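Good morning, and thank you for the time. I should like to take the group through the side-chain contacts of one structure, and then through its internal spaces.

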Amino acid sequence: MLEMRPAGERGYVSHGWLDARHTFSFEDYYDPRYTGWRCIRVINDDKLAPGSGFGMHPHKDVEILSYVVNGALLHRDSLGNRAVLTPGELSVMNAGRGIIHSEFNASDTEPLRFLQIWLVPEVTGVQPSYQRASFAQRDRHNRLLEIASPAPREETATINQDVRVSTALLEPGARVHHPFLPGRHAWVQVVRGSLTLNGVAMQEGDGAGLHGEQELELVGKTAAEVLMLDVP
């Protein structure tokens, strides 16, 4: 079964410095039909004006993934971490028993777009942490590349939940398959471009959840960038 979440039906907020689309209920946007999907709580598509951002604020017992689409994202937190992420990078912040952080557009001249994803952690009250993973375009060219997982590995960020995050860059006509293990499901988010997911057309900003399927097939219609979360 495939559950579509069209881009144009997402929540929307604009504050001048921030232009954001919410796949699921978030802050002042509430839709009882879309309060999350399995262990995925938030998928926000945020665009920040140059020099703007979210000041220091707290989080607790949530896994926060930041995926940069274009521009540069400046992260600071109460653990002493400072990082600038650019396209081809993902960060995972495990808020655990409590952390304070900020996220800003690192540029005073260029806009920033990034996706922020919140996951409900498998275990709460743990020591907070921050990690990042980098991945080259060639490694995700016409293939799904795993960039975060619960298994600690040098090439991926570690998530405190049984979720595997992959990304792909597809050429028009390229086909990518992902088989599901028993009891597994997936959320697919189209970052840029257009494609089909198991024969269903999707475009930038569209999302879809799959469950009860044996595999997923992505076919590029135009050049496309996609995120896929394999979840329990």
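Please keep in mind throughout that this is a predicted model.

I begin with the aromatic residues. How many aromatic pairs are there? The count comes to five. Take Trp17 and Phe54 as an example: their ring centres are 5.5 Å apart and the planes stand at 75°, so this pair is edge-to-face, the angle being over 60 degrees. Trp17 sits in the loop between strand E2 (11-14) and strand E3 (18-22), while Phe54 belongs to strand E5 (residues 53-59), so the contact ties together parts of the chain that are 37 residues apart in sequence. Phe54 is partly exposed, its relative accessible area being 22%. Trp17 is also partly exposed, with a value of 32%.

A further pair joins Phe26 and Trp118, with ring centres 5.4 Å apart and planes at 80°, so this pair too is edge-to-face. Here distant parts of the chain are linked: Phe26 is in the loop between E3 and strand E4 (40-48), Trp118 is in strand E11 (residues 112-119), and the two are 92 residues apart. Are these rings buried or exposed? Phe26 has a relative accessibility of 13% and counts as buried, because the limit for that class is under 20%. Trp118, at 17%, counts as buried as well.

Two other aromatic arrangements deserve mention. Phe24, Trp37 and Trp187 make up one aromatic cluster. Separately, Arg5 is placed over the face of Tyr34, 3.7 Å from the centre of the ring.

That arginine brings me to the charged residues. The model contains 13 salt bridges by the rule applied here. I shall describe three of them, starting with Asp31 and Arg33, whose closest N and O atoms are 2.8 Å apart. The two partners are set quite differently with respect to solvent access: Asp31 is buried, with a relative accessible area of 10%, whereas Arg33 is exposed, at 62%.

The next example is the salt bridge between Glu204 and Arg113, with 3.6 Å between the closest N and O atoms. Glu204 lies in the loop between strand E19 (200-203) and strand E20 (207-210), and Arg113 lies in strand E11, so this bridge ties together parts that are 91 residues apart in sequence. Arg113 is buried, with a relative accessible area of 6%; Glu204 is partly exposed, at 39%.

In the third example, the side chains of Arg192 and Glu225 meet at 2.8 Å, N to O. This pair also links distant parts of the chain, since Arg192 is in strand E17 (residues 185-192) and Glu225 is in strand E22 (residues 224-231), 33 residues apart. Glu225 counts as buried, with a relative accessibility of 3%, while Arg192, at 34%, counts as partly exposed.

Which residues are joined into one network by salt bridges that share partners? They are Arg10, Asp45, Arg113 and Glu204.

I turn now to empty space. Rolling a probe the size of a water molecule over the atoms reveals where such space is left. There is one cavity of 30 Å³ or more, and the largest cavity has a volume of about 40 Å³. Its lining is formed by Ile64, Ser66, His75, Ser91, Met93, His101, Glu103 and Tyr130. Strand E6 (63-70), strand E9 (89-94) and strand E10 (99-105) are the elements that give two or more residues to this lining. By character, the lining residues of the cavity are three nonpolar, four polar and one charged.

Finally, the largest pocket holds about 320 Å³ of space. Which of its lining residues lie nearest the centre? Of the 19 residues that line this pocket, they are Leu18, His22, Phe26, Glu27 and Phe54. Two of these names have come up before: Phe54 is the ring paired with Trp17, and Phe26 is the ring paired with Trp118. At least two lining residues come from each of E2, E3, E4, E5, E10 and E11. The lining of the pocket divides into eight nonpolar, seven polar and four charged residues.

Thank you. I should be glad to take questions.

Notes:
Residues are numbered from 1 along each chain as its sequence is written. This is a predicted model: local features need pLDDT of at least 70, side-chain atom pairs count only at pLDDT 80 or more; totals for chains, interfaces and linings use all residues. Side-chain values use heavy atoms; hydrogens and water are left out. Rings of Phe, Tyr and Trp (its six-membered ring) pair if their centres lie within 6.5 Å; planes under 30 degrees apart count as stacked, over 60 as edge-to-face and the rest as tilted. Helices (H or I, at least four residues) and strands (E, at least two) are DSSP runs, numbered from the N terminus. Buried means under 20% relative accessible area, exposed over 50%, partly exposed in between (1.4 Å probe, protein chains only). A charge sits over a ring if NZ of Lys or CZ of Arg is within 6 Å of the ring centre and within 35 degrees of the ring normal. A salt bridge is a side-chain nitrogen of Lys or Arg within 4 Å of a carboxyl oxygen of Asp or Glu. On a 1 Å grid over the protein atoms alone, a cavity is a set of points where a 1.4 Å probe fits but cannot get out, and a pocket is an open set with protein on both sides within 12 Å along at least five of seven lines; lining residues have an atom within 4 Å of a point. Grid points are joined across faces, edges and corners, and a volume is the space filled by probe spheres set on the points. Ala, Val, Leu, Ile, Met, Phe, Trp, Tyr, Cys and Pro count as nonpolar, Asp, Glu, Lys and Arg as charged, and the others, Gly among them, as polar.
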